[in-house]
Amino acid sequence: MRTTAWARELGLRVPVVNAPMGGVAGGRLAAAVHAAGGLGMIGMGSAGSAAALRTELAAAGEGVGIGVVDWVLRAEPELLEQALAARPRLLSVSFGTDLSWVAAARAHGIRTATQVYSADEAKRAHDAGVDVLVARGAAGGGHGTAAPELRPLLDEVLAAVPIPVLAAGGIATAADLAAVLTAGASGAWIGTRFAACAESLLPEPGRRALIAATADDTVLTSTYDIAAGLPWPARFPSRVLRDPATDRWAGHEDDLRTDHAARVELRSRAADPATAPVDAGRGVGAITRVETAAEILGSLSATAG
Ligand SMILES: Cc1cc2nc3c(=O)[nH]c(=O)nc-3n(C[C@H](O)[C@H](O)[C@H](O)COP(=O)(O)O)c2cc1C
């Protein structure tokens, strides 16, 4: 298996990080990725809290990282305190512009990461002391920007900063992994491919939907965030599997803000695991069955160099 200096420095056998996916990447998934030689991350998303983090940390054991969302941290500062106290292998905070958490993490001797979408953001994060950047392209699952695509972004970020850069967004196969390593990435930060795995927290209907979907079944929309009244910055819609609600509202999100009844209906869809939105990137077509995290890491490494 091809590896990288960054992966060796972190003691990884495979240069792969499971993306910190709120409600999906819990302690069990992080522990399984860690045991199989990758960097396992616990994700605290929109519904993240200090209490939920404690539960997932207890399930994970030692050696995993933690990823949280900027606006959630501001709503619940205890979450950052809890994350720092856990001394994670890597701490990522994404989707914000306030990088003051970086100094706090460094003061605790904790390595830091954040997702970036342009060379300028990469330079800012580097100046703030972030250790590793995640260049996140538009094909990725969950929240992210609508542009640019991964490959031009990766080139731009690699040229802009002298620190390790991980590639994210639509990476789902060994060929995808090999391509970003060849392009100079220090590893891959992979969400969707792990979302359907045996150890994820995703409820069964979501797992089945991921297995059935193809790359053309995803859509980028703020539909469910607007319905839930969540303070996601407008530049970060979410890539989800298409469903009847996104067919109706994607592209018409502003109308939702004034349609109370529709928002109520969307909230009840989201609360039911049978109809809840499923975050997925365009790599979703590579998911054909429920695999263990170890099987996924094995297949990603198989021909990656
Ligand atoms: C189900 C799901 C949940 C996610 N939740 C989070 C999150 O809580 N925090 C975060 O920083 N990124 C989150 N992401 C985005 C990932 O960090 C990453 O950008 C993305 O998964 C990469 O693209 P891929 O899904 O095509 O591999 C999520 C992605 C998915 C698929």
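Alanine 104 counts as partly exposed in this predicted model, because its relative accessibility comes out at 26%, and the cut-off for buried is under 20%. This alanine sits in helix H6, which spans residues 100-107. Looking across to leucine 80, 24 residues away along the chain, the C-alpha atoms of the two residues are 9.3 Å apart.

Two loop residues on either side of strand E4 have an unusual backbone setting to report. Arginine 87 falls in the loop between helix H5 (77-85) and E4, and its phi is positive, about 45 degrees, even though the residue is not a glycine. Phenylalanine 95 belongs to the loop between E4 and H6, and here too a residue other than glycine has a positive phi, near 75 degrees. As for cover, arginine 87 is exposed, because its relative accessible area is 54% and the cut-off for exposed is over 50%. Phenylalanine 95, with a relative accessible area of 12%, is buried.

Next comes strand E3, made up of residues 65-69, which is mostly covered: five of its five residues are buried. That goes for both faces, with Gly65, Gly67 and Val69 buried on one side and Ile66 and Val68 buried on the other. E3 also has neighbours to pair with. Strand E2 (residues 41-44) runs parallel to E3 and is joined to it by four bridges, with glycine 43 partnered by glycine 67 of E3. To get from E2 to E3 the chain goes by way of helix H3 (residues 50-60), and the resulting β-α-β crossover is right-handed. Strand E4 (residues 91-94) pairs with E3 as well, again in the parallel sense and over four bridges. Glycine 67 turns up here too, standing opposite serine 92 of E4.

Antiparallel pairing is found elsewhere, in an open sheet of three strands ordered E7-E11-E10. Strand E7 (142-143) and strand E10 (218-221) are at the edges, and each has a single partner strand, so one side of each has no neighbour in the sheet. Between E10 and strand E11 (residues 238-241) there are four bridges, and the two strands run antiparallel. One of these pairings puts valine 219 across from valine 240 in E11. In general, the strands of a sheet pair through backbone hydrogen bonds, and they do so either parallel or antiparallel. Past E7, in the loop that leads to helix H8 (150-160), is proline 148. The peptide bond joining alanine 147 to this proline is cis, with omega near -5 degrees.

That leaves the ligand. Around it are 21 residues, of which Pro20, Gln115, Gly170, Gly191 and Thr192 come nearest. By type, the shell splits into seven nonpolar, 12 polar and two charged residues. Several polar contacts involve oxygen atoms of the ligand. The side chain of glutamine 115 places an N or O atom 2.7 Å from a ligand oxygen, while for the side chain of arginine 136 the corresponding distance is 2.9 Å. Glycine 170 takes part through its backbone, where an N or O atom lies 2.7 Å from an oxygen of the ligand. Taken alone, the ligand would expose 590 Å², and the protein buries 96% of that area.

Technical notes: Residues numbered from 1 in each chain as written. Predicted model: local features only at pLDDT ≥ 70, side-chain atom pairs only at ≥ 80, totals over all residues. Heavy atoms only, no water. Buried < 20%, exposed > 50% of the residue type's maximum accessible area, 1.4 Å probe, protein only. Near = heavy atom within 4 Å. Polar contact = N/O pair within 3.5 Å; in protein donor to acceptor, adjacent residues only side chain to side chain. Areas by Shrake-Rupley, 256 points an atom, 1.4 Å probe, with all protein chains shown as cover. Nonpolar A, V, L, I, M, F, W, Y, C, P; charged D, E, K, R; others polar. Pairing = 2+ DSSP bridges. Right-handed = clockwise from strand over helix to strand, strands pointing away.
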